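User: Could you take a close look at one loop and what surrounds it, and walk me through the details? I'd like the cut-offs along the way, please.

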Amino acid sequence: MDDEDNKLKEEKARQLSRVVCICKGINLKSVLSHIDGCSTVAEVNQCAGTGSGGCKGERCGPRIKILLSKMKNRKSK
Ligand code: FES
């Protein structure tokens, strides 16, 4: 594996470790592992445990909505 592959792998790991739900400390990797089969933010919240923190999903809800939209677009291509 060359340096470029390592950099890409590190960048992907860094992105997956980003916290989506700040209140509950749930990162992108965890959300993505639960998002398949979900079509609404409420469904993702139920599966991933997001949206139940102090802000009641005000901060993570919009992020999850964007993720759902991206997933939907990816599936339709
Ligand atoms: S950021 Fe997810 S519940 Fe507050």
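Analyst: Happy to. Let's start with K56, which is exposed because 12 other C-beta atoms lie within 10 Å. (Exposed means 12 or fewer other C-beta atoms within 10 Å of the residue's own, buried means 20 or more, and partly exposed is in between; C-beta atoms are placed from the backbone.) Bear in mind that this is a predicted model, where local features need pLDDT of at least 70, side-chain atom pairs count only at pLDDT 80 or more, and totals for chains, interfaces and linings use all residues. Numbering starts from 1 along each chain as its sequence is written.

K56 sits in the loop between helix 3 and helix 4. (Helices are DSSP runs of H or I with at least four residues, strands are runs of E with at least two, and both are numbered from the N terminus.) The backbone of K56 deserves a look too: its phi is near 55°, a positive value in a residue other than glycine. As background, most residues other than glycine have a negative phi.

The loop between helix 3 and helix 4 also holds G49, the residue that follows helix 3 and has a positive phi as well, near 85°. G49 is partly exposed, as it has 16 other C-beta atoms within 10 Å. Leaving aside neighbours within four places in sequence, G49 is in contact with K24 and I26. (Contact means that the C-beta atoms, placed from the backbone, lie within 7 Å.) There is also a distance to note here: G49 and G25 are 24 residues apart along the chain, and their C-alpha atoms are separated by 9.9 Å.

Now step back into helix 3, which spans residues 41-48 and has V44, N45 and A48 as its buried residues. These residues lie on the same side of helix 3 because they cover an arc of only 100° around the axis, the arc being that of the directions from the helix axis to the C-beta atoms. Among the elements that cover the buried residues of helix 3 are strand 2 (26-27), helix 2 (28-35) and helix 4 (60-76).

On the other side of the loop comes helix 4, and C60 is one of its residues. C60 counts as buried because it has 27 C-beta neighbours inside 10 Å. If residues up to four places away in sequence are not counted, C60 touches V20, C21, I22, T50 and G51. The C-alpha atoms of C60 and V41 are separated by 9.4 Å, with their positions 19 residues apart along the chain. Further along, I64 is in contact with V20, V31, V41, V44 and T50, again without its neighbours within four places in sequence.

C60 and I64 both belong to the largest nonpolar core, whose eight residues also include V20, C21, I26, V31, V44 and A48. (Such a core is a set of buried Ala, Val, Leu, Ile, Met, Phe, Trp, Tyr and Cys residues joined through C-beta atoms within 7 Å.) Strand 1 (19-21), helix 3 and helix 4 each supply at least two residues of this core.

For contrast, consider the N-terminal part. None of the 14 residues of helix 1 is buried, so this helix lies largely in the open. R18 comes from the loop between helix 1 and strand 1 and counts as exposed because it has 11 C-beta neighbours inside 10 Å. R18 touches N27 and L28, residues up to four places away in sequence not being counted. From R18 to A42, 24 residues apart along the chain, the C-alpha separation is 21 Å.

Finally, here is the overall setting. The protein has four helices and two strands, in the order α-β-β-α-α-α along the sequence. Its C-alpha atoms fill a box of roughly 45 × 30 × 15 Å, taken along the principal axes. Of its 77 residues, 16% are buried. Among contacts between residues at least 6 apart in sequence, 40% join residues at least 24 apart.

Technical notes: Two residues are in contact if their C-beta atoms, placed from the backbone, lie within 7 Å.
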